[in-house]
Amino acid sequence: MKQALVVRGGWDGHAPVAATDMFLPHLEASGFTVRVVDTPEVYAEPAMADVDLVVQCYTMGEASGAAVAGLRDAVRAGTGLVGWHGGIADSFRNSSDYLQLIGGQFATHPSQHPDECHGDQSDNYLPYTVDMLPEAAAHPVTAGIASFELTTEQYWVLTDGLCDVLATTTHPAPEWHPWHRELTVPAVWTRQWGAGRICVVTPGHSLDVLEHPSVRTMIERSMVWASR
């Protein structure tokens, strides 16, 4: 059986335990033996050489240099790495080596009009479209999934040219924000790192978003696609 390592923790606002629990049955049904841990320091263990897939849900937090190096080495040798939202695209902000591995970093999620804000997370819940690119039609993670609408945090991410983008989202330029034109950024991407595959799905702020059929399908497919 293949070995899956689920690493969860960090900021509680993304419900890392409940969110990852949603996908454990899928991993087991897909033939994985699953180990669940609550620290990224597991990445520094020699046993990483036997891990076929890492599912990470660890927003912010810190990882030691040894842990990040262990993760990079494992992926380079063929371990798959997948995750969603801040659990993978906003982890270990103090590590440029981690950022280079993932290929994208959360920058912000724009808010509603100031007059409509109430001082809680819903201030950043906006209706937006996840636009599937033509490349998505033939990719195992996204095949058959059409563009879809969400009302949740719309991630603005900073990425590089090594990301193979499957879906994008476009941020408007309302008058209450300082940017002066619309900006289109990746919403779903994959990345080849040595022999390893990486997949990042940026929607997933809350459990209801993870339950959206398109979001959940992409995440579940990514686990099988990225695995060694």
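The following paragraphs describe one helix of a predicted model and three residues with positive phi. Residues are numbered from 1 along each chain as its sequence is written, and the model is predicted, so that local features need pLDDT of at least 70, side-chain atom pairs count only at pLDDT 80 or more, and totals for chains, interfaces and linings use all residues. Side-chain values use heavy atoms, with hydrogens and water left out.

Helices (H or I, at least four residues) and strands (E, at least two) are DSSP runs, numbered from the N terminus. Helix H3 comprises 13 residues, 65–77. From first C-alpha to last, H3 reaches 18 Å, close to the expected 18 Å, where the expected span is 1.5 Å times one less than the number of residues.

Several residues of H3 are buried, namely Ala67, Val68, Gly70, Leu71, Arg72, Ala74 and Val75; buried denotes under 20% relative accessible area, exposed over 50%, and partly exposed in between (1.4 Å probe, protein chains only). The cover over these buried residues includes strands S3 (53–59), S4 (80–84), S10 (183–193) and S11 (196–201), together with helix H5 (96–102); contact means heavy atoms within 4.5 Å. After H3 comes glycine 78, with a positive phi near 130°.

Most residues other than glycine have a negative phi. Alanine 15, which is not a glycine, nevertheless has a positive phi of about 45°. Alanine 15 lies in the loop between strand S1 (2–10) and helix H1 (16–21) and is partly exposed, at a relative accessible area of 27%. Methionine 60 likewise has a positive phi, near 55°. Methionine 60 belongs to the loop between S3 and H3, and its 26% relative accessibility makes it partly exposed.
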